[in-house]
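Subject: Structure for you to look at

Hello,

Here is the structure I said I would pass on. Please open it next to this message and follow along.

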Amino acid sequence: MEATLVDRNTALQERNRKVRSVLLAILVANWVVAVAKLVFGLLAQSASVTADGLHSFIDGGSNVLGLVAMGVASQPADADHPYGHGKFEALASLGIGAMIGVGMLELGRMAFDSLLHDKHPTVSVTMAGVMVLTLGINLIVTRVERHYGEKYKSALLLADAKHTLSDVFVSLAVLASIGLVALGFPRADGLIALGVMLFVAWVAYGIIRQAVGILSDTARLDPAQVSQHTLAVAGVRSCRAVRSRGMEESVYVDLKIEVDPQLTTAQAHEVADKVEQTLHGAYPQVVDVVVHVEPSGHS
């Protein structure tokens, strides 16, 4: 059993290394996109394009945060963190949500400034071309990041993929504003920026909600289903008090079972071992099972 646990820890560290590699590649792509949008947005004095650039820059910042967090999360369990460091990944996801919120406030400020002062951004074919190019890059980044997020069951990659996906919709909205400004509707720049702000707020809510669920130890497995698997083990008379928590890819379970009171300690322990093996087989994401054995009829 101990050898199996070591294998799981080794696999988890390898998974974390791969997640860091993906984040590093995404970081480069996000900052290339951010610089292009910021430069052309500021030159054209376009609130919506500049806001989109800030959003992309936050994408890059979230990747840096993720790399730092994954460096901590990949460390094995120790005396101070006996359950491992996996929740640092969820903390990073929470940080991403907070960064989006900060960016949302800046988007709102720029949008209102554009509307109240009736600023007229300068639209050019080059700026539109840059937006289309960065849109294509973001689509590729989103697809790649979501793929690896699902493959490695990484809350951080999936959260960042949602963030990058929001950048795709933002870019589409900004392209629409560029077209409207070119057609003679300059206030479209500020209005689109306001719409971007609301969309970003919704994305932030979803990411924070997911991270809070992990940090608050939301149940990861269906207790009824776990009980069904447990009761199928020979020697188990009842199962109750099933609890689960942790990350999606590393779940901890504890439960109470009742066995024949005539069993010896060694026999009862053997039943508990079979329960652990059964649950590990039924749920590959389970890294630890604690079985409390009680005699049948114990109150």
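Below is what was found in it, from the whole chain down to single residues.

Please keep in mind that this is a predicted model.

**The chain as a whole**

The secondary structure consists of 8 helices and 3 strands. Going along the sequence, they follow the pattern α-α-α-α-α-α-α-β-β-α-β. The chain has 299 residues, and 44% of them count as buried. Its exposed surface is about 14,600 Å², of which carbon and sulfur atoms supply 64%. If you take the contacts between residues at least 6 apart in sequence, 74% of them join residues at least 24 apart.

**Spans named in the record**

The unreviewed UniProt entry places the feature "transmembrane region" at residues 21-44, 56-74, 86-105, 125-144, 165-185 and 191-208. Two of these spans can be compared with the model. Residues 125-144 are 100% helix and 0% strand, and the end C-alpha atoms of that span lie 29 Å apart. Residues 165-185 are 86% helix and 0% strand, with 27 Å between the end C-alpha atoms.

**Helices and some of their residues**

Start with the loop between α1 (2-44) and α2 (47-73), where you will find Gln45. Is Gln45 buried or exposed? Gln45 counts as exposed, because its relative accessibility is 60%, and the cut-off for exposed is over 50%. Gln45 is 78 residues away from Val123 in sequence, yet 9.3 Å separates their C-alpha atoms in space.

Helix α4 covers residues 125-151 and contains Val132. Thr134 lies in α4 as well. Val132 has 49% relative accessibility and so counts as partly exposed. Thr134, at 3% relative accessibility, counts as buried. What does Thr134 touch, leaving out residues up to four places away in sequence? The answer is Val33, Ala36 and Lys37. As for Val132, its C-alpha is 8.6 Å from that of Leu172, a residue 40 places away in sequence.

Helix α5 (residues 155-182) has 28 residues, which should span 40 Å at 1.5 Å a residue; the end C-alpha atoms are 41 Å apart, so the two values agree. After α5 comes Gly184, which has a positive phi, near 105°.

Helix α6 (residues 188-215) holds Leu191. Leu191 is exposed, because its relative accessible area is 51%. Between the C-alpha atoms of Leu191 and Gly108 there are 9.9 Å, although the two residues are 83 apart in sequence.

**The sheet**

The 3 strands form an open sheet with mixed pairing, in the order β1-β2-β3. Why does one side of β1 (238-247) and of β3 (286-295) have no neighbour in the sheet? Both strands stand at the edges and each has a single partner strand, so one side is left without a neighbour. On average, neighbouring strands of this sheet are turned by 15° against each other, direction ignored.

Helix α7 (residues 223-231) packs on the sheet and touches β1 and β2. The direction of α7 makes about 125° with that of β1.

Strand β2 (residues 250-259) and β3 run parallel and are joined by 9 bridges. One bridge pairs Glu258 with Glu294 in β3. As background, strands of a sheet pair through backbone hydrogen bonds, either parallel or antiparallel.

Asp254 is found in β2. Asp254 counts as buried because its relative accessibility is 17%, and the cut-off for buried is under 20%. Leaving aside neighbours within four places in sequence, Asp254 is in contact with Ala241, Val242, Arg243, Val290 and His292.

**Helix α8**

Helix α8 (residues 265-282) has 18 residues. From first C-alpha to last, α8 reaches 26 Å, close to the 26 Å expected at 1.5 Å a residue. Which residues of α8 are buried? They are Ala268, Val271, Ala272, Val275, Glu276, Leu279 and His280. When you look at that list, recall that an α-helix has 3.6 residues a turn, so residues three or four places apart point the same way.

Regards

Key. Residues are numbered from 1 along each chain as its sequence is written. This is a predicted model: local features need pLDDT of at least 70, side-chain atom pairs count only at pLDDT 80 or more; totals for chains, interfaces and linings use all residues. Side-chain values use heavy atoms; hydrogens and water are left out. Two strands pair if DSSP finds at least two bridges between them. Helices (H or I, at least four residues) and strands (E, at least two) are DSSP runs, numbered from the N terminus. Axes are lines fitted to C-alpha atoms, for helices over the stretch in contact, and angles run from 0 to 180 degrees between N-to-C directions. Contact means heavy atoms within 4.5 Å. Buried means under 20% relative accessible area, exposed over 50%, partly exposed in between (1.4 Å probe, protein chains only). Accessible areas come from the Shrake-Rupley method with a 1.4 Å probe; for residues, only the protein chains shown count as cover. The expected span of a helix is 1.5 Å times one less than its number of residues. UniProt positions are given in the numbering used here, feature names are shortened, and annotations may be inferred rather than shown by experiment.
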